[in-house]
Amino acid sequence: MGAIFTAWKNRTPLVITAGQQARSLFPFDPFLFSAQATELPKPYVKWSCEPARAEDVPLAIAHGYHLAMQEPRGPVLVSIPSDDWARPCAPVEPRRIGGAPRCEAAVLEAIGNALDASERPALVVGAGVDRSGAWDAVRALAERHRARVFTAPMSARCGFAEDHPQFAGFLPAMRERIVAALAGSDLVLVLGAPAFTYHVEGQGPHVPPGASLCQIVDDAETAAWSPVGMAAVGDLRDAVQTLLQRPAPRERPMPAGRPARPRAEPSSPMSVAYALQTLADVRRPEHVVVEEAPSARPVMHGHLPTLRSETFYTMASGGLGFGLPAAVGVALARPDTRVIGLVGDGSAMYSIQALWTAAQLRLPMTVVVLNNRRYAALQEFAPTFGFAPGAKLEGTDLSGLDFVAIARGMGVLDGVRVDAAGALRAALERALASSAPSLVEIVVA
Ligand SMILES: Cc1ncc(C[n+]2csc(CCOP(=O)(O)OP(=O)(O)O)c2C)c(N)n1
């Protein structure tokens, strides 16, 4: 269920075929029966179906496929009674269904006018940019308008190079802090993201006073719940390209980018910042990072920048257990490059058996476990709920895990535990060059 929720939030086109009991047993509430199989995954599927006749199962799978592939993409579920597989039926015809609808021209025109009229525009870039292949178009739009560019709160993909001089940073998932970060801009153009994803309660306006909000998304639902602003719903890349065709905008001064971040120093125990900085030093920009390391995410923003399209993935849902299996899936899909699964020790344990899959499939991927021996995100979040800083939180310590031993037990034999800062670089270099699945467990502060 957690994976379905994440597929829904990540807009993953996914056809789930769920096993179901034999139809003749349905009246008897049998063992291993799903009494309302189509209700179970709701509301986190676009569609679910248990066909009335066995003969209709193939058509239902095709139906689900074509729905899952349409924007906004997402999972569908077909429940298949076990006796259905033996029944002959007519073949299903391959079909082609057209792509994403375009934004309404008049609304795009109005957004273009607002952008041209703005003196200090800011772009907020979300996962939809990378998903729709709009990375280059968005960079061109930002450069043309001299806009500051922020990454949307909790963005599951990266849509703008984090070393670009106009990159201004990552918006936190909190209303007042978003308003503070965007202060000084008179127009906020959100591309491929909700406006906004919040994590904790907030008050006051959603955008800085005096600023207006425009949004371009592929999803009518997201556009509908936005509290303020004008929204265009449709294909994002097409929309940004349309904006690029307008006459050259006014001259604007170059905005200030992110302040430079100091390099992390080696220490004992090693800091997460030093670990991620070392990874950034040895990985190549085209390597793909699949991340699930909650308290390390903000540190990653400072020390492990994403530089290219389609090289960063995480979950938009917040539900742990995505990271390792997703890294295996991305490694399967991207044999052209190295995939690095970057996971916290706690997160790794939610679906550790993905290591076994990596070993069975002999995927040349590297799993980096940041082992801080605790659920740090929960501990760090506790003061938000009124706990004194450093207060003991039951059930959040995680000592005694040996990830090299666990990996070995799963068949990933190329594993190493690093606790000295001086040994990390060589260990990562070796792992990233390995032709077998490899694991580096980094003991961090
Ligand atoms: C399925 C699920 N269960 C529990 C949580 C709550 N949760 C959020 S962060 C976190 C800790 C993750 O630990 P780890 O991967 O070691 O990363 P750290 O917080 O130490 O950086 C937990 C348990 C969640 N988000 N999803």
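Where in the structure is the place of Pro269? Pro269 has its place in the loop between H8 and helix H9 (272-282). The points below concern a predicted model and begin with this loop.

1. Cis bond before Pro269. Ser268 and Pro269 are joined by a cis peptide bond, for which omega is about -5 degrees. The loop that holds Pro269 runs between H8 and H9, and each of these helices is taken up again in the packing points below.

2. Cis bond before Phe196. A further cis peptide bond leads from Ala195 to Phe196, with omega near 0 degrees. Phe196 is placed in the loop between strand E7 (187-191) and strand E8 (212-217). The residue that follows this cis bond is a phenylalanine, Phe196, whereas the bond from Ser268 leads to a proline, Pro269.

3. Backbone of Glu310. Although Glu310 is not a glycine, its phi is positive, at about 55 degrees. Glu310 belongs to the loop between helix H10 (297-303) and strand E11 (312-313).

4. Packing of H5 on H8. Helix H5 (residues 135-145) packs with helix H8 (residues 236-244) at an angle of about 30 degrees, and the two axes are 9 Å apart. Because angles under 35 degrees count as roughly parallel, H5 is described as roughly parallel to H8. The two helices cross in a left-handed sense. On the H5 side the contact involves Ala137, Val138, Ala140, Leu141 and Arg144, which meet Val240, Gln241, Leu243 and Leu244 of H8. By class, the residues of this contact comprise seven nonpolar, one polar and one charged.

5. Packing of H9 on H16. H9 packs with helix H16 (residues 421-433) at an angle of about 40 degrees, their axes lying 10 Å apart. H9 and H16 are therefore oblique to each other, and their crossing is right-handed. H9 contributes Tyr274, Ala275, Thr278, Leu279, Asp281 and Val282 to the contact, while H16 contributes Ala421, Leu424, Arg425, Leu428, Glu429 and Leu432. The residues of the contact between H9 and H16 fall into eight nonpolar, one polar and three charged.

6. Surroundings of the ligand. Which residues come nearest to the ligand? Of the 16 residues around it, they are Ser295, Asp345, Gly346, Ser347 and Ala377.

7. Polar atoms facing the ligand. Leu320 places a backbone N or O atom 3.1 Å from a nitrogen atom of the ligand. Tyr350 has a polar side-chain atom 3.1 Å from a nitrogen atom of the ligand. For Arg374, a polar backbone atom lies 3.0 Å from an oxygen atom of the ligand. Thus Leu320 and Arg374 take part through the backbone, and Tyr350 through its side chain.

Conventions:
Residues are numbered from 1 along each chain as its sequence is written. This is a predicted model: local features need pLDDT of at least 70, side-chain atom pairs count only at pLDDT 80 or more; totals for chains, interfaces and linings use all residues. Side-chain values use heavy atoms; hydrogens and water are left out. Axes are lines fitted to C-alpha atoms, for helices over the stretch in contact, and angles run from 0 to 180 degrees between N-to-C directions. Helices (H or I, at least four residues) and strands (E, at least two) are DSSP runs, numbered from the N terminus. Angles under 35 degrees count as roughly parallel, over 145 as roughly antiparallel, 65 to 115 as roughly perpendicular and the rest as oblique. A crossing is left-handed if the near helix is turned anticlockwise from the far one by less than a right angle, and right-handed if clockwise. Contact means heavy atoms within 4.5 Å. Ala, Val, Leu, Ile, Met, Phe, Trp, Tyr, Cys and Pro count as nonpolar, Asp, Glu, Lys and Arg as charged, and the others, Gly among them, as polar. A residue is near a molecule or strand if one of its heavy atoms lies within 4 Å of it. A polar contact is a pair of N or O atoms within 3.5 Å; within protein, one must be able to donate a hydrogen and the other to accept it, and residues adjacent in sequence count only if both atoms are side-chain atoms.
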